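Here is a friendly walk through one model, with its strand pairings and its ligand shell as the two topics. Keep the sequence and the 3D view open as you read.

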Amino acid sequence: MKRLLLTTAVAVFLAAVGCFALTEANASDSKKAANAKVTFTKDVAPIFYSKCVECHRAGEIAPMSLMSYKEARPWARSIKEKVVTKVMPPWHADPKHGAFSNDRRLSQKEVETIAAWVDGGALEGNPKELPPTPKFVEGWNIGKPDLIFQMPEACAVPASGVVAYKYFNVPTNFTEDKWVQAAEIRPENRSVVHHIIVFIQTKGRQQLLTGWAPGEQPAVMKDGLAKRIPAGATLVFQVHYTPNGKAASDRSYVGLIFAKEKPRNELLVMPVLNMKFVIPAGEANYQVESSYTFKEDAHIRTLMPHMHLRGKDFLYRVTYPDGHSEIILSVPKYDFNWQTYYFLKEPVAAPKGTRVDCLAHFDNSTQNKYNPDATTEVKWGDQTFEEMMIGWMSYTLDKNEVKTGSAEPSAQKVSRNQ
Ligand code: HEC
C-alpha cells in the first residue's frame, strides 16, 4: 500500500514536472494545444459553407466536395496551402481599387482558423456544433427556376478538330415583357462545353442575358433590378464546344427566375470592346484600349473583363465630365480560367458624358505558359487561339428609375428622409 502511494506520488510529481517542462519547452507546443481546439464542426465548417461550397459540392465545378468532415479531411494539407497562398477562393481583383459585393476573399482571421485547424490535426469536433448544411436546389445555384429553356436539339460534337461557334434559337413565345431576376445556364455535357452565352434577341436589339464558363457565376440581379425579355423575344444560345477526344453530344439549358414585383430599373449590358487589334508575334506586353461614353445619366453596376489565353491584365477607368478619373476595377493577373463578374458594392454614378476606358495587355511571348503559339500575330476571333478584348459592363439608366426618379437605393432614401 505504502509503495503504491509512493509510486503514485512520484508519478504525480513526474507528471507535474512533465507538464511544466512541456509548457515551458517552447511556445509551439502551447500553440499546438490551442490549434487542437479548432475543429471542423465549430470553426471550419461555417467558413466552408459560406466561402467554398458554392463550387465545392457534388455536381459543381470544383474537383471535390467540402460539405462534410469526411469529404474535407483528406484535403486538409492542400486546403491550408491554397488558402494561405490565396489561390482559393479564386479572386483576381486588386483590392486597392473598387469594392465588390461578391468579393470571395477570406478574412485574415478565417485564413488563420483554417491553418490552425490543419496544424492541429484537422479534428472533427463535436458533431452537435455543426451548423445546418446550406440548402441548395440540386442542379441549380439560383434556386428552382420558374422556367427552363433548352436548346431545341442535341448538338453532336466530334471527337477532334476545331468547332466553330454554334448558334441555337429558342423562341420564348412570351406575349408580354418578362422581368428576369436570376438566370443560370447549365451545360448538359460539361466535358465538351467550353462556354455558352445566351442573348435576348428582338428586332434591332440584342442584349446579353447571361453566360456560362468555368468559374462564372449565374446572373442574379439584386436591389430591385432585373433584365427584360421583351414580348416575342428569342433566346439565342451561342455555344463553344471543344472536342475532348471522344465524340459527344450536348443539349444545354438556361433556367430563369422572374422578378416577383415590378423591378425598380432595367439592367442593361454594354460590351466595351475593341476588335481592331493585331498583337505581333512574340510581343510580351501588347496594349489594347477600348472606351464608351455615356450619352445619358447612368449608374454602372457590374464589370467583367474578357480576353483569351494571351490576356495578361485588364482595368476599367472612369473619367467624369469634370475631368477627374478613377480606376473602378483592376485585374493585374488575368486568368482565362476564371471568368468573373465583379458586382460593384456601390453603383458608380456615370453622368452623361462620363467615359469608361478599358485598358488591357496581352502576352504573346513564350513567357506566357498558356500561349498556344508565340510565332503568329493574333487578331480578334471566336476561338481561344485567337483573341478578344471586351470590358463587359452592366448599367442602369437613371431615366428608367421607377418611383423616385433617382438611382439611389430605396433604403438610403428612407434613412435620408427621416
Ligand atoms: C468559384 C468556385 C470556387 C470557390 C468559391 C472555391 N473553390 Fe476551390 N477550387 C475550385 C476549382 C474549379 C478548383 C480546381 C481547379 C483549380 O485548382 O484551379 C478548385 C481547387 C481547390 C483545391 C485544390 C484541389 C486539388 O486538386 O489539389 C483546394 C484545396 C480548394 N479548391 C479549396 C477551396 C477552399 C478551402 C475554398 C473556400 C475557402 C474554395 N476552394 C473555394 C473552385 C472554387
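## Terms and numbering

Two strands count as paired if DSSP finds at least two bridges between them. Helices (H or I, at least four residues) and strands (E, at least two) are DSSP runs, numbered from the N terminus.

This is a predicted model, in which local features need pLDDT of at least 70 and side-chain atom pairs count only at pLDDT 80 or more, while totals for chains, interfaces and linings use all residues. Residue numbers start from 1 along each chain as its sequence is written.

## Strand β20 and its partners

Let's begin with β20 (residues 355–362), which runs antiparallel to β15 (residues 286–293) and is joined to β15 by 8 bridges. Within this pair, Q287 stands opposite H361.

β20 also runs antiparallel to β17 (residues 311–319), again with 8 bridges. Here L359 of β20 has L315 opposite. As a reminder for viewing, side chains in a regular strand alternate between the two faces of the sheet.

## A hairpin

Strands β5 (residues 193–202) and β6 (residues 205–212) are antiparallel partners over 7 bridges. F199 has L208 in β6 as its bridge partner. The two strands make a hairpin with 2 residues between them, and G204 in the turn has a positive phi of about 75°.

## Around the ligand

Now for the ligand: 19 residues surround the molecule (C-beta atom, placed from the backbone, within 6 Å). Those that come nearest are C52, C55, A62, M88 and P89. Helix α5 (residues 76–84) supplies the largest share of the shell, 4 residues.

By type, the shell has 12 nonpolar residues (Ala, Val, Leu, Ile, Met, Phe, Trp, Tyr, Cys and Pro), 4 charged (Asp, Glu, Lys and Arg) and 3 polar (the others, Gly among them).
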